[in-house]
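Reader: I should like to understand the terms applied to this structure. Please explain each one against its definition.

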Amino acid sequence: MTDDILDMRGWVRAAMDFVSENTIGMSRHWEYTDSVAWFLTEFIMCVMVFGGIMTTLLVLLWMERKLLGRFMDRRGARTSLRSLWVGENGVTAGEWWNQLPFGPGVPGGMVNKLLNEFAGNDHELEAVSRVQNRSYHGVWWLLPGFFQNLADGMKFLTKEHMVPEKADRFVFEIAPFLIIATTVMCFTFIPLGPHFYSNNSEMSILFLMAVFSVAPLGVFFAGWSSNNKYTLLGGIRSAAQLTAYEIPLLVIVLSVVVLSGSFNVIEVIEFQADSGVWNIFLLPMGSVLFLVVMVAEVERIPFDMPEAEAELVEGWWTEYGGMRWGLMFASEYLRTYAACLLFAHFFLGGWEAPFEDTLPLIGLVPHILWVFLKAWFMFIFFVWFRAALHRVRTDQILEFGWRWLLPLSLVNLVMATVLRLWVYDGVNEEWPILVPILITSISLALFILLSIDEDPEALEAQTRPFSVQTVDVASPGQHRK
Amino acid sequence: MAEMWISMGPQHPMTHGLWTLKVKVDGETVVDTEPDLGYIHRGVEKICEARDFTQITTYCDRLCYASANTWSHAYIYAAEDLLEVEVPERAEYIRMVAIELQRIASHLMWLGAYCPDVGNLTGMVWCLREREMMMDLLQELGGSRMHYNFPRVGGVKRDLPIGFALRCRAKLKLFLDRIQEYEAILDESTIFLVRTQGVGYAKAEEMINHGVSGPNVRAAGHNYDVRWAHPYSVYDELDWEPSVERPSIKGSDCYDRYRVRVEEMRQSALMILDGLDKMPGGADTYHEPGDPAILAKAPARAAEGQTGYHHFEDSRGESMFYLAGGGEGRGKHPYRVSIRSPMFITIPYAAKCMIGYKIADIPAIMGSFDPCIGETDR
């Protein structure tokens, strides 16, 4: 566990010890040497974690933009992949690989040529619209669109700050701080590596969940204090939705805690390293539930009722503008990022490289990279949901939460308890690999069986699942002269 | 929570245009609605009294921004009834192609707007992608992308351009394939089904009593399509069938209205393909503008007391034009132009439909009736 080549905390501590010894240690306040070194280490680690999160947040925004563009431009996920090598009109999509500096894309070009030969299209040359024929014609080494978010942020900074006349000014001003501060506070206890964290308390998961659920209060404040009917409705929807989804979230996290036997994030990851499998293979249902609940918690499609732009204009943040809006927007993505990181830590083994035992060289990859890669991978699902799904209605969200998520999360908790009591009980050092294989294959089979939701009887009777019984159609042609 | 009135519009994402829907809500439930139309009233009927019969076409194009061609054609048939013009058959076929292409484009615009109404942006981008193909074809015909000014009294402005039939067939064939994509992202999505099925019931009898027509009433199982019931132009020579849904016992819901429009797009595409085959003189021949094969001579003046009337299957329902000739005193202008807009009749009924549902259903129900405010306010 401690063999990370990136021992960031140790290095910082050593440097600060050196600094402290050579300044404070030589003065008459020498007895504070240790405390000062400790304080400086903590401070620098906080800054580094925050900086790392904020810098990589740009990746998240960039990913969303690019992925969504792909999903919407082309024909869904399958053809999104395909569009990497073939454009809609049969022309390769920009041949960007040839424009990379120093030519690392040349093999890619060869693969592209090969793929085009057996999976290219050549029959839709004529019928293409101008809309989908987008391609990028600039320089590729600047990562097109990557720095757009910085420009957006600068724009927000220059905007005027306005408070509606009838708003409750104090609450209106305090709400964004509540939302943003608690969101940033989440990252205090989310480690980016075994030695790359700002704080590591014994009960970090408990604190994390507590802080994570403060932001909805700020949302409610913002919605109510704006004194606008849309924001009020958005705030109330948010309160209802987050109350309904907070409980399943806590129960699911509790199952992870029970299975791992610790309230500490780092120890949860250590358990996954010790047991030899990631938690996703032990609690497959729990991981899916966690993903669903997190989508609802961060209020993204399909659960973005509080800011449903079709009927509530912009929901609870209709009245905000300028950098307050920009920071709340950033904090929403930070919450998404926190959700992705938590999923990576709880279910995907955190910084554990896959097949670390069988592929020893993989351990040379810095652990922080695995954390980010796993979190970004999870973010793909968030974008995918947004591209593919529709918005659910308020009553349907609540019904789904109370009727399905809560019982299922309790079942998940029971499963975790059983696993903890009889399999991963800490007595038997040789933990069986058969158990995760069985659980995963059974769950996969169940998932596939339940996903096939075609109801042959309903198809036969021409009835529809969510509607009352249909009557026969008027016979065509009866009105013809 | 106490009941309160929310004013949605004139600038609101739900409105699909510029109008106000006042909603009385009790918490999340809609208790009462009050549509408030007239925000973009331009007085088209009055303006038309000071224009000659060719100029009015341009104004009728602007009645609906999503479906310009159908409206100018609705006018032109009434004008031909007034001026007693016999239209060449080839021109009628070309008109049919233009109208049906416009109908597909209009329905795609509707579907593209309906997807974000229920929360999905991908569907919108996909629909606009195919709409672009229809726009390109219409641009080849009319020379413009939105307001084509295509028909003339007695025929059409231009013949089909050389190669149009080939491009049209290829694009429609591709389009027929791509309708399946919409069905894949909408019909196979449980969330779309729970958002649209069982929501916004509208009964056929009530709709007929209100005067609602077009796809909305066909969604309720009532087979009334003007093209079918009272065929004008060449619709009785084509191989097609109006799309009629099987509504539920409680009436047609949003899903029915979605299905009927998707089916109608299919029917329109097949109709165009059929019409291109049956076109007199062949779809590949080209006549110069003004050739008698595509444009008949028409008088510029209408006698006093003479009236012209036509009812027409617009993309949104049954549109009617009533023209009264003014004789020598009015010169080349009509005495009176009266327009029956299907949406003007549908919107109050749609507003009634959403009582009892949730706020989140307002865009889903309102959008499913396909409102277009340009023609409503005229």
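Author: The following exchange treats a sheet in chain B and a pair of helices in chain A.
The model is predicted, with local features requiring pLDDT of at least 70 and side-chain atom pairs pLDDT 80 or more, while totals for chains, interfaces and linings use all residues. Residues are numbered from 1 along each chain as its sequence is written, and chains are lettered from A and ligands numbered from 1 in the order in which they are written.

Reader: How do you know that strand 1 and strand 2 of chain B pair?

Author: Strands are DSSP runs of E with at least two residues, and helices are runs of H or I with at least four, numbered from the N terminus. Two strands pair if DSSP finds at least two bridges between them. Strand 1 and strand 2 (residues 20-26) of chain B have 6 bridges, in the antiparallel sense, and therefore pair. One of the bridges joins B:Met8 to B:Leu21.

Reader: What makes strand 1 and strand 3 of chain B edge strands?

Author: In the open sheet of 3 strands, with order 1-2-3, strand 1 (3-8) and strand 3 (29-36) each pair on one side only.

Reader: Which values describe the packing of helix 13 and helix 14 of chain A?

Author: Two packed helices are described by the angle between their axes and the distance between the axes. Axes are lines fitted to C-alpha atoms, for helices over the stretch in contact, and angles run from 0 to 180 degrees between N-to-C directions. The axes of helix 13 (residues 322-347) and helix 14 (residues 367-388) of chain A come within 8 Å and cross at roughly 120°.
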